[in-house]
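Dear colleague,

Please find below the structure that I am handing over to you. My findings follow directly after it.

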Amino acid sequence: MATPLTGIGGGGGVAIMGGPVNNNPVDPSSSSGKNNNNNNNCCSALKSPILIFLFFHKAIRSELDGLHRAAITFATEPNANIQPLVERYHFLRGIYKHHCNAEDEVIFPALDIRVKNVARTYSLEHQGESTLFDQLFELLNSNVQNDEIFRRELASCTGALHTSVSQHMSKEEEQVFPLLIEKFSFEEQASLVWQFVCSIPVNMMAEFLPWLSSSVSPDEHQDMLKCLCRIVPDEKLLQQVIFTWMEGKSSSGAHRSEDGYPFRCCKDTGSINSVQQTEKGQCACESPKIGKRKYWESNPDITDSESHPINEILHWHSAIKRELNDIADEARKIQLSGDFSDISAFNERLQFIAEVCIFHSIAEDKVIFPAVDVELSFVQEHAEEESQFNNFRCLIESIQSAGANSSSAEFYSKLCSQADLIMDTIQKHFHDEEVQVLPLARDHFSAQKQRELLYQSLCVMPLKLVERVLPWLVGLLSEDEARSFLQNMHLAAPASDTALVTLFSGWACKGRSQAMCLSSSTIGCCPFKKLPEIEEDFRRPMCACASPLSSIENGVRPIKRGNFSGLCERDCACVPHESLDMKKSSCSNQGCCVPGLGVNGSNLGISSLPAVKSLRSSFSPSAPSLNSSLFNWEIESGSSNIGSVPRPIDNIFKFHKAICKDLEYLDVESGKLIGCDETFLRQFSGRFRLLWGLYRAHSNAEDEIVFPALESRESLHNVSHSYTLDHKQEEKLFEDISSLLSELSQLHEPLSKTKLSIESTGSKFDSSTAHGNDCIRKYNELATKLQGMCKSIRVTLDHHVFREELELWPLFDRHFSVEEQDKIVGRIIGTTGAEVLQSMLPWVTSALTQEEQNKMMDTWKQATKNTMFSEWLNEWWKGSSDSSSDIATSDSCISQEGTSIQESLDQTDQMFKPGWKDIFRMNQNELESEIRKVSRDPTLDPRRKAYLIQNLMTSRWIAAQQKLPEARSGEPLSDGNVPGYSPSFRDEEKQVFGCEHYKRNCKLLASCCNKLFPCRFCHDKVSDHAMDRKATSEMMCMRCLKIQAVGPVCTTPACGGLQMANYYCSICKFFDDERTVYHCPFCNLCRVGRGLGVDFFHCMKCNCCLGMKLVDHKCREKGLETNCPICCDDLFTSSAAVRALPCGHFMHSACFQAYTCSHYTCPICSKSLGDMAVYFGMLDALLATEELPEEYRDRCQDILCNDCDKKGTARFHWLYHKCGSCGSYNTRVIRSDLVNSNCLTSN
């Protein structure tokens, strides 16, 4: 990936998703305020209910934009008030937290059933966003709110939050929404959205929907109402609840009749008429004349629970303890019987009571305890209970996953002990609350205030849990306690919650075994006695807990979601009937009939516990349930021993450490830009551009090599698409920061002049001072914005790296062998140019420990073992000590006796160069002895062995040549005594310097013979030895004829920095002024082309540079390190074009053209050089018309096919023999048989 470090263009390829994606992906901008977009949004949402989330996203984006602007204003204006900001932060956190929880609980598990490897990443992103909220509120809770640094840091954190959430929502709109539209029908999408709504706590829905309505335009508001009308079940009461929330509490009265309802549904609701009058009077949900308080005053019977409504907490405690006792008894029964057949039902009961306990404790922590005493807290006890429930659940899940092997005595004891532990903890906790909290509530609050606290506590639960909890609780109460419970709920509910409390009352009535309505005797009427016209689909009532998601999982279209489900013909599995000892309910006109939500099921497949637990803290991460595939994947990821065994692929993630280190630098140092000098700004810009270039090289390698490798595994389709989208968004962030840095740099110079002017004028005010103040203010605003963007890029990349290492890293262990990982690493390295490596390696190693550096370099050397990478590394990387030690080890094999020879060797150079004094002290016999030792040494690589033997044989001549430069060191070379001391021309008429081979402005001083030549080819043409161009240390400028150190420009002042050529390589000492050339660090040679990763890549096995179109080729180890089979010239160092053959061999392109004029087989392995089907077809036609002599017609010949390597039999012919396996005529005869009448023409 030879990408420019400071460039702006480019970008990696996109990994293709495994499954088909909607041809019209969701446009995130479609939720903007423009009328055209509004109409498109409406039509899309009405066709695909899932697109109602675009309205949610628009509202969240709008809130984030406003909050970010307010934070920047607070940072730049000293007198700004922080309190409105804090309130907006709290509101946004609550809204977005529950939005994420509902997605993790409903949307993502459902998507994961249909499309694998997509939802996990987005759940992990929710964790990162929760961390951002935590950091933001830690900053808000600090005691430095008036400090300037605090203000700027707050603006930066807000900007980071804005960027992270906006990117997350954009990715959902680009990837998740199209998949949901493609994989789910209209009814299934509506069901998912309805479950989403029912998974958000009631009190939050009452705030969320009015806020959502106010965040969109009036037209969008009407469109959203139409969409909701198709999503909410077609039941009058449920629609009243939702649309009352949509209009806001201030616009919905408790006594508004149906005719006065502000929104009339666009669907046909003729089958659902208004509530009929009962024998006792009108229903409370219809008539404004029957008020709640009026009836309460007419009821003289007041129980203790009515005088102190807060005592209803005791009912909750009693119900929870009774259920836990039943669970503990069931655990002991399992221990005695050893029967695990009903473990799933046991687990469902446990999850239900766990949700009840946790939501009950949340209500106490957030509603009751703060009202009673701000210093009173049971948070620690609640957290302990939550942990114990989770441990219990994990124990059951482990036994379910273990199957038949799980019935052991150890498990029985753990099951019982865990159940007893939870029971003991709950009992102690409840006792402390009843002793410490309830007396305070009775003494300090009126009865109405106590009722309101209880009602608010109930509304902490989501609708779908309330539907299950109310019948369960009321079923455990006596008739008087149940009536009192309903009375208190009705009296506590605000006027706007008439429809909601009516729904709650109906659900509560389902818990009674008697076929009667408690509400009738409690508040004077049945809340929803009977609907006269019911569609045929509803004549057989359905259980309220029948989940349409279960039908989605089974690939069946869901049934109607709204239903009159309170009176079921079977027990409701989601409520633990065994502990309630309830009788089956039957449909009767005497019972209360209200619609069910249709979202709870006996086998949910997903659990709301994660969402419950996330409500515990301010914004703790939510996670999928143990039953979902998302959680199973997390267990697998956590169980993999990451980092315990070094793997080749780990080198990719070594770059993550370096990236995070530089990101930290940018984040911290960006806060010092205000008031900085020009040097600091320049250093900051350089560090940023270095990071940007190296990050781009890294991300391109992932997009083009790593991610396609993952996607090639069938089970990993779609796993990387989200990360490719991340790379696009991160590249946009880098571009924005680069643009802002450029603007800041342009402002810095006039700002410095303005400061000097202000200082010179003192306190006098003039126009220049005013302009200077404006300039300073603008600079400070840009610096503050830049600090926020640096914080954003750090947070974004930190979260990206974390998710990548958590999700993708373990996949290589499970799906790729070490050899496959080596190949991936080799491909990454092979597309990285020398310039990028020279910047990348020191940058990466500076962030690693010495041990990590050694491991990384060992892996790189293993991947590049067939190449010249180590040789190239030694040329420029001064910190490489391993290579020097390797050289010393190799050279020690040359002589074990003469230690003085070893001491004189140059240990920093991989080339074998014995000292000339030591060579002259050795006689011919000693040299021959050393050559034999090297020849017999089995540890040396053949290439290395041949090199050492050749150097030893020519050592005397080499030593003599090395002595010459030392003899003339210090002598001036400009006296014209050096051979070749004159300019040469490529075009003498135009006075263009160079030679017939290259255009250049210098001559090279050959170190071997101390003569000047334009290039090595000119030297070799007239000399009896080859020139070692890498040993060249001096050159002569052909303009000024000055001999000087080799370099890219002439150092003589008279030449004025004349370039020797457009391209110069300091390793090869190569100059070229005409062609595009790059240096390959693995060939350690300069080659013609735009560069590695652009139009060439280096194959580590073949050890050659190949065109990008030859990525999929047949590899032969060190295939290019040989001579051309036609002209016998060395292919590796050849300057002529080389062609790769299909069989894996190579030859010069010119030789190939000449050779194929008369041959079609490889001269080395005899395989065909291309597709010969046409030629072989011509031979078939020729042989079909040819008549053999009679004595040869029955003869057969055994043949061997050169193309498929299979043996066969062919009819006799003196030239052509067709392979019966592949149809090729590229065969040879291995035996001629006698006459055989059964001879066939094919095998």
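Leu 1005 stands opposite Glu 1034 in strand S7. In this predicted model, S7 comprises residues 1034-1037 and pairs with S5 in the antiparallel sense over 4 bridges. Leu 1005 also has a bridge partner in S6, namely Leu 1012. Strand S5 covers residues 1002-1005, and 2 bridges join it to S6, again in an antiparallel arrangement.

These pairings belong to an open sheet of 4 strands, ordered S6-S5-S7-S8, with antiparallel pairing. Its edges are formed by S6 (1012-1013) and S8 (1043-1045), each of which pairs on one side only. Between S7 and S8 there are 3 bridges, and the two strands run antiparallel; Met 1036 stands opposite Ile 1043 in S8. S7 and S8 also form a hairpin, with 5 residues between them. Within that turn, Leu 1041 has a positive phi of about 55°.

I turn next to the nonpolar cores. The largest one contains 161 residues, and the members that touch the most others are Leu 154, Trp 194, Trp 245, Ile 353, Trp 472 and Phe 504. Helix H13 (residues 343-372) supplies the largest share of this core, with 16 residues. Another core, of 108 residues, lies apart from the largest one; Leu 691, Val 836, Tyr 998 and Cys 1099 are among its members.

The surroundings of Trp 245 may be of interest to you. Beyond its neighbours within four places in sequence, Trp 245 is in contact with Val 202, Met 205, Ala 206, Leu 209 and Pro 210, and also with Leu 463, Asp 497 and Leu 500.

One further site concerns a polar residue. Ser 722 is located in helix H28, which spans residues 721-761. Is Ser 722 buried or exposed? Its relative accessible area is 3%, which is under the 20% limit, and Ser 722 therefore counts as buried. The side chain of Ser 722 makes a polar contact of 2.8 Å with the side chain of Lys 171. When neighbours within four places in sequence are left aside, the residues in contact with Ser 722 are Thr 121, Tyr 122, Glu 125, Lys 171 and Gln 175. Lys 171 thus appears both in this list of contacts and as the partner in the polar contact.

With kind regards

Technical notes:
Residues are numbered from 1 along each chain as its sequence is written. This is a predicted model: local features need pLDDT of at least 70, side-chain atom pairs count only at pLDDT 80 or more; totals for chains, interfaces and linings use all residues. Side-chain values use heavy atoms; hydrogens and water are left out. Two strands pair if DSSP finds at least two bridges between them. A nonpolar core is a set of buried Ala, Val, Leu, Ile, Met, Phe, Trp, Tyr and Cys residues joined through side-chain atoms within 4.5 Å. Buried means under 20% relative accessible area, exposed over 50%, partly exposed in between (1.4 Å probe, protein chains only). Contact means heavy atoms within 4.5 Å. A polar contact is a pair of N or O atoms within 3.5 Å; within protein, one must be able to donate a hydrogen and the other to accept it, and residues adjacent in sequence count only if both atoms are side-chain atoms.
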